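Grab a pen and your favourite viewer: here are a few exercises with worked solutions. Try each one before you read on.

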Amino acid sequence: MIFRIPLLRSILILVAAVFLLAACVANSPFRWFASNGERIYYTGVNENGRRITYSGGSSGGMMMNRRLTCAACHGEDGKGGPHIMHMTTMDAPDIRYSALKGQTGADDHESTGHDDEHGSEYSIETFTEAVVEGRHPDGARLSRDMPRWSMGEQDLADLFEFIKTLP
């Protein structure tokens, strides 16, 4: 009987430690993701643990005590839509690749709803201009609500590839 009590206590401590570790990993930017692009989209942190920085945008750097991410505005599914940030209602656009194809640009970060006669659409180059410089493929400025992100070429390429997978 003396042997069983320490063994039971050890098992309970081990089980509690596993649950604690699982909770920490589930809320960590270092949890497992299928790709670097997915990690960046949902956490704003790349696979090397570097936080992706930005300037501008109307977020003021934080969103409801969380760091700003693509998903914070465009949603987990990339469909966007209206949301409130710092007592201001913003309407984030749909950034799924199916919605970006054929966009030609317009004021306030939305598609004009017509195809460009020159065939402009989001490529990795125009995606980079949108994310980093805040411009549509035709050069029109994105809304000032859109932050200008600072990330390397590989992170941008990975993010673009992930956005292509959003349903």
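**Exercise 1. Write down the order of the elements from the N terminus on.**

Step 1: reading from the N terminus, the protein chain goes α-α-β-β-β-α-β-β-α-α-β-α. Step 2: that comes to 6 helices and 6 strands, where helices (H or I, at least four residues) and strands (E, at least two) are DSSP runs numbered from the N terminus.

A word on the ground rules: this is a predicted model, so local features need pLDDT of at least 70 and side-chain atom pairs pLDDT 80 or more, while totals for chains, interfaces and linings use all residues. Residues are numbered from 1 along each chain as its sequence is written, and side-chain values use heavy atoms, leaving out hydrogens and water.

**Exercise 2. Work out which parts the pair of Tyr42 and Phe162 ties together.**

Step 1: the structure has 6 aromatic pairs, meaning rings of Phe, Tyr or Trp (its six-membered ring) with centres within 6.5 Å; planes under 30 degrees apart are stacked, over 60 edge-to-face, the rest tilted. Step 2: Tyr42 and Phe162 make an edge-to-face pair, 5.8 Å centre to centre with 70° between the planes. Step 3: Tyr42 belongs to helix α2 (residues 36-43) and Phe162 to helix α6 (residues 153-165), so the pair links parts 120 residues apart in sequence. Step 4: Phe162 is buried at 9% relative accessibility, whereas Tyr42 is partly exposed at 23% (buried is under 20% relative accessible area, exposed over 50%, partly exposed in between; 1.4 Å probe, protein chains only). Step 5: add Tyr41, and you get one aromatic cluster of Tyr41, Tyr42 and Phe162.

**Exercise 3. Describe the pair of Tyr97 and Phe160, then find the charge over the ring of Tyr97.**

Step 1: Tyr97 and Phe160 are also edge-to-face, at 5.7 Å centre to centre and 80° between the planes. Step 2: Tyr97 is in helix α4 (residues 97-100) and Phe160 in helix α6, so this pair joins parts 63 residues apart in sequence. Step 3: both residues, Tyr97 and Phe160, are buried. Step 4: the charged end of Lys164 sits over the Tyr97 ring, 5.4 Å from its centre (the criterion: NZ of Lys or CZ of Arg within 6 Å of the ring centre and within 35 degrees of the ring normal).

**Exercise 4. Say how much of the protein chain is buried and how many of its contacts join residues at least 24 apart.**

Step 1: of the 167 residues, 39% are buried. Step 2: among contacts (heavy atoms within 4.5 Å) between residues at least 6 apart in sequence, 46% join residues at least 24 apart.
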